[in-house]
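Let's take a walk through this fold, one piece at a time. Have the viewer open and follow along.

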Amino acid sequence: MAFDVFPTGSLFDPETEIWRLRANTINGGVTTAGPARKARTDGGGLWTCEQANIELYSTEQLLAASALDVQLDGGVTRIIVPCFSWPLRPVPAGVSWSVEVSLAEDAPLRASVLSVIVTSGRPLIGGEPFSMVHATHGKRLYRVRDAEPAQMSGGVMTQAITIRCPLREATTAGAPLDFETPGCVMRLVNPENWLSPLDPAHEQSASPIWVEAF
């Protein structure tokens, strides 16, 4: 078996998961004007994801873990890692609406402010994770930092949003923002110990750590 997407759900169900933008910074030192200031030197950072306590009991799970361990090839092979985001989807509480958001206009490489059309779902408020599938870099994760109030014109709702990280690739108007199944192309950071040894009951656990890959 081979996987293009890390098989969360019935096969691999993390007990906990956390996503962070890993930053490289430089400290300017103390100045006469006041405290030292930090500046980023990484162009917006790389996403990291830590998943913990994935319990593997069934033969199907154990075989999938064994196959995936070989496929990941010591952290060389890239794979899409889904982002658990169901509670953060932009829909009203208790409503199962689908979410449909797209770019209202072209956005250049490294854009951090986007104009979007919200066709279905509630207006964005900040904190929502989403993905875009780029022609070269594939599926990439973003997060809404903040959002301007929605504007209605001719029955169309538009918003200006600020995102992190900056856009990984120039993207044309009409491209969808995926709030339903966000994820990111990543590689395994801890290939030596992401899987525990099999115990006497033939059970195993997994705690992979991922970093965004290009």
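Start with helix 1, which covers residues 59-72. Its 14 residues reach 20 Å from the first C-alpha to the last, close to the 20 Å expected at 1.5 Å a residue. Keep in mind that you're looking at a predicted model. Just after the helix comes Asp 73, with a positive phi near 55°.

Which residues of helix 1 are buried? The list runs Gln 61, Leu 62, Ala 64, Ala 65, Leu 68, Gln 71 and Leu 72. If you're wondering about the spacing, an α-helix has 3.6 residues a turn, so residues three or four places apart point the same way. As for what they touch, the buried residues of helix 1 pack against strand 5 (54-56), strand 6, strand 14, strand 15 (204-206) and strand 16.

Some of those strands are worth following further, and strand 14 (residues 183-188) is a good place to pick up the trail. Here 5 of the 6 residues are buried, so strand 14 is largely enclosed by the rest of the structure. Strand 6 runs antiparallel to strand 14, with 4 bridges joining the two. Within that pairing, Ile 79 has Met 186 as its bridge partner. Strand 14 also pairs with strand 16, again antiparallel, through 3 bridges. Click on Met 186 once more: in strand 16, Glu 212 stands opposite this residue. Met 186 therefore links up with Ile 79 by the DSSP bridge criterion, and its counterpart in strand 16 is Glu 212.

Now carry on from strand 16 (residues 209-212) to strand 4 (residues 46-52). These two run antiparallel as well, and 3 bridges hold the pairing. One spot to look at is Glu 50, whose bridge partner in strand 16 is Ile 209.

That leaves the empty space. Rolling a probe the size of a water molecule over the atoms shows where such space is left. How much space lies in the largest pocket? The answer is about 380 Å³. Its lining is made up of 21 residues, and Thr 8, Pro 82, Cys 83, Phe 84 and Ser 85 lie nearest the centre. Strand 6 (79-82) turns up again here: strand 6 and strand 1 (16-22) each supply at least two residues of the lining. In chemical terms, the lining divides into 8 nonpolar, 7 polar and 6 charged residues.

Conventions:
Residues are numbered from 1 along each chain as its sequence is written. This is a predicted model: local features need pLDDT of at least 70, side-chain atom pairs count only at pLDDT 80 or more; totals for chains, interfaces and linings use all residues. Side-chain values use heavy atoms; hydrogens and water are left out. On a 1 Å grid over the protein atoms alone, a cavity is a set of points where a 1.4 Å probe fits but cannot get out, and a pocket is an open set with protein on both sides within 12 Å along at least five of seven lines; lining residues have an atom within 4 Å of a point. Grid points are joined across faces, edges and corners, and a volume is the space filled by probe spheres set on the points. Ala, Val, Leu, Ile, Met, Phe, Trp, Tyr, Cys and Pro count as nonpolar, Asp, Glu, Lys and Arg as charged, and the others, Gly among them, as polar. The expected span of a helix is 1.5 Å times one less than its number of residues. Buried means under 20% relative accessible area, exposed over 50%, partly exposed in between (1.4 Å probe, protein chains only). Contact means heavy atoms within 4.5 Å.
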